[in-house]
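Colleague: Before using this model in a calculation, I should like to review its geometry with you. May I put my questions one at a time?

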Amino acid sequence: MRITGGKLKGRIIKCPDGVIRPAMDRMRESVFSIIGDLNGKSWLDLFSGSGTIAIEAVSRGSKDVELCEKDKIKVGTVLENVSVTEKDCGVKIKCHFMPVEYFIKRCKRSFDFIFFDPPFPYKFHEQLVLQCDQNKMLNETGTILVHRPAEHFMPDTIGNLTRTDQRIYGRSIVDFYTYKK
């Protein structure tokens, strides 16, 4: 895996042991192009895997980035991967190693962007987006992005959020949810 844009463009990121389905370079590059400038924006990477999405956010200008990954096998590789952002960008990614569901229940802050990339068999995308809405984890001008398999349905509206964009990448989809205007 490589970082597709920003200060760390081209940097190779290690893939941790265990079950992982890394976000495709093409999909990541496209999503970050759609989002645009991340300077001054906060980012939360849920189901982080290797930490690549969080690192990509820092590479593209975000200075306030957190990630969450529950698989303890991945801890060493994630910490090694994210260390590059502190060394080369002056940004330390805050890492949480626990189930995403538990993290969301405990989270007491909000973010400009929340990116969900659960394993494809995962079935609770909608419930987690709703929980983020109910916990006020998304800033009022923020966006939740959900990477999912095409065969997994997501509604147009979840709580106070509405789908404002959807991009298809092969058999995967990224949905963009923002607060209803």
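Colleague: Is tyrosine 122 buried or exposed?

Modeller: The relative accessible area of tyrosine 122 is 14%. With a 1.4 Å probe and protein chains only, under 20% counts as buried, over 50% as exposed and anything in between as partly exposed. Tyrosine 122 therefore counts as buried.

Colleague: Which pLDDT do side-chain atom pairs need in order to count?

Modeller: Residues are numbered from 1 along each chain as its sequence is written, and side-chain values use heavy atoms, with hydrogens and water left out. This is a predicted model, in which totals for chains, interfaces and linings use all residues, local features need pLDDT of at least 70, and side-chain atom pairs count only at pLDDT 80 or more.

Colleague: How many residues apart are phenylalanine 47 and tyrosine 122, which form an aromatic pair?

Modeller: The structure holds five aromatic pairs, where rings of Phe, Tyr and Trp (its six-membered ring) pair if their centres lie within 6.5 Å; planes under 30 degrees apart are stacked, over 60 edge-to-face and the rest tilted. Phenylalanine 47 and tyrosine 122 form an edge-to-face pair, at 5.1 Å centre to centre and 65° between the planes. Phenylalanine 47 lies in the loop between β1 and α2 (52-59) and tyrosine 122 in the loop between β4 and α5, where helices (H or I, at least four residues) and strands (E, at least two) are DSSP runs numbered from the N terminus. The pair thus links distant parts of the chain, 75 residues apart.

Colleague: What is the relative accessible area of phenylalanine 124?

Modeller: Tyrosine 122 also pairs edge-to-face with phenylalanine 124, at 5.6 Å centre to centre and 80° between the planes. Phenylalanine 47 is buried because its relative accessibility is 14%. Phenylalanine 124, by contrast, is partly exposed, with a relative accessible area of 46%.

Colleague: In which order do the eight strands form the sheet?

Modeller: The sheet is open and its pairing is mixed, two strands being paired if DSSP finds at least two bridges between them. The order of its eight strands is β3-β2-β1-β4-β5-β8-β7-β6.

Colleague: Which strands stand at the edges?

Modeller: An edge strand has a single partner strand, so one side of it is left without a neighbour in the sheet. That describes β3 (94-96) and β6 (157-158).

Colleague: What angle does the direction of helix α1 make with that of β7?

Modeller: Helix α1 (residues 25-35) packs on the sheet and touches β1 (42-46), β4, β5, β7 (161-169) and β8, contact meaning heavy atoms within 4.5 Å. Axes are lines fitted to C-alpha atoms, for helices over the stretch in contact, and angles run from 0 to 180 degrees between N-to-C directions. On that basis, the angle between α1 and β7 is about 140°.

Colleague: Which residue of β4 is the bridge partner of leucine 44?

Modeller: β1 and β4 pair in the parallel sense over four bridges. Six of the six residues in β4 are buried. The bridge partner of leucine 44 in β4 is isoleucine 114.

Colleague: What is the handedness of the crossover from β4 to β5?

Modeller: Strands β4 (residues 111-116) and β5 run parallel and are joined by five bridges, with isoleucine 114 opposite isoleucine 144. The chain crosses from β4 through helix α5 (residues 125-134) to β5. A crossover is right-handed if, with the strands pointing away from the viewer, the path from the first strand over the helix to the second runs clockwise. This β-α-β crossover is right-handed.

Colleague: Which residue of β8 stands opposite leucine 145?

Modeller: Nine of the 12 residues in β5 (residues 138-149) are buried. β5 pairs with β8 (residues 172-179) in the antiparallel sense over six bridges. Proline 149 stands opposite serine 172, while leucine 145 stands opposite phenylalanine 176.
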